[in-house]
Amino acid sequence: MNNKLLTLTVTIVTSVMVAGCLDVNDPKPTEETKPVLISTACSTTVIGTVPPYTNIEFDGSSFYFIDDLKPMVYCIDKNSGSIKSQSIQTTTVLENICMDSEYLYVHTGFRQPSSVYRLHKHMNTSPELLFTAENAIRQIKAGGNQLYFDFYRTSDNFNRDELYCYDIQLKKTIKMQDQITWFDTDNDFVFWLKRDSLTNERTLGKTPHGGTTTTELAKGKIWADKNLGEYIYYWDENDNLLRISKRNGQIENFLSSPAGFSEDNGYVVWDDVVYMNDYYPQGILNGIQISNPQKGFVTLDKKGKFDDDDMNCWLWTDKQALYWVAGPDTATSISDEQWGTLFKTYVNKEILFR
């Protein structure tokens, strides 16, 4: 495309955005404003398909997930959509997957002792059985040559989970925390949220990988939902999006009660925008600008709706594009054992949020 044509295209797109999609000539009252589909500022392609129920891991090159009906691990290239797979020699289904910079870790067992396997991300070596736990692992995370996990309990009180650490090099398991309600890892620390059963007070803390020193970051009526970059995000009871600094524990109100957000929605923060993946009445990808929240959500794309009991509201970003899961088109509704379509959406934020 030559420079004149490119300039003309941008001019037309911008004009359509301002005069048509945003309707600045006939503005509506704020309370009546609804998300507007702005397809000219976005482009969406299909990468592949992913299963329901299981968690999905994502790094700079690929998506990784397991098939919850058979012991298979999959890798989808996020650019080409090419697929690699590797089977695990086990008679039970796989439950969850996690990763570090080099390896994938998967575990078996639902309400029975779990076996934990390690395989290279390139899927060019045979999976290795690392250890078998005493109980059924509920969730597993990796970091710093350590694996962190908690167990399913016979009691239905999930606030009494215990956090354990398995040192891969030393082949040793230690107990770290009681009564945790959430945990996650980054390159340097494991983060955990625990609840005092007597006072109901919650404490967010961190421990360095391979270390024993515990740092309490924040206390009070706090939650933990997403571990993104330098912050841990959560929604409070008034639907405000708050974040806690992973460095010093400072809490700030990041986004005040945006209309149209539900606790079942998936979300991710990319610079000054919170993007949200809704599932009903269609699979919808929205965005709201933090510096201009009164503008409300802008709809980037619409696909098929899905049953949130079967399919999570997955949403990721690599700061180049957004990746999300929904039905293949607006006329579809997926549920039960159906796999969802994995989409890649490029966003022109200069046009979208001008």
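Let's start with one pair of residues: Asn286 stands opposite Thr299 in β24. The model you are looking at is predicted, and this pair is a handy way into it. Asn286 belongs to strand β23 (residues 283-289), which pairs with β24 in the antiparallel sense over five bridges.

Step back from that pairing and you will find an open sheet of four strands, ordered β21-β22-β23-β24 and paired antiparallel. Its edges are β21 (266-270) and β24 (298-303), each of which pairs on one side only. On average, neighbouring strands here are turned by 15° against each other, direction ignored.

Now follow Asn286 to another partner, Tyr275. Leaving aside residues up to four places away in sequence, Tyr275 touches Asn286 and Gly287, and its other contacts include Gly266, Tyr267, Val268, Trp270, Leu300 and Leu322.

Tyr275 also leads us into the interior. The largest nonpolar core has 38 residues, and those touching the most other members are Phe63, Tyr275, Leu300, Trp316 and Leu322. Strand β27 (residues 322-326) gives the most to this core, with five residues. A second, separate core has 15 residues, among them Ala133, Ile137, Ala142 and Ile168. In soluble globular proteins, nonpolar side chains tend to be buried together.

How far should you trust what you see? The mean pLDDT of the chain is 85, with 87% of its residues reaching 70 or more. Among the elements, strand β15 (residues 202-208) has the highest mean, 97, while helix α1 (residues 3-21) has the lowest, 35. Across residues 1-33 the pLDDT is below 50, and this stretch has 27 contacts in the model beyond near neighbours in sequence.

Note on methods
Residues are numbered from 1 along each chain as its sequence is written. This is a predicted model: local features need pLDDT of at least 70, side-chain atom pairs count only at pLDDT 80 or more; totals for chains, interfaces and linings use all residues. Side-chain values use heavy atoms; hydrogens and water are left out. A nonpolar core is a set of buried Ala, Val, Leu, Ile, Met, Phe, Trp, Tyr and Cys residues joined through side-chain atoms within 4.5 Å. Buried means under 20% relative accessible area, exposed over 50%, partly exposed in between (1.4 Å probe, protein chains only). Helices (H or I, at least four residues) and strands (E, at least two) are DSSP runs, numbered from the N terminus. Contact means heavy atoms within 4.5 Å. pLDDT is the predictor's confidence in each residue, from 0 to 100. Two strands pair if DSSP finds at least two bridges between them. Axes are lines fitted to C-alpha atoms, for helices over the stretch in contact, and angles run from 0 to 180 degrees between N-to-C directions.
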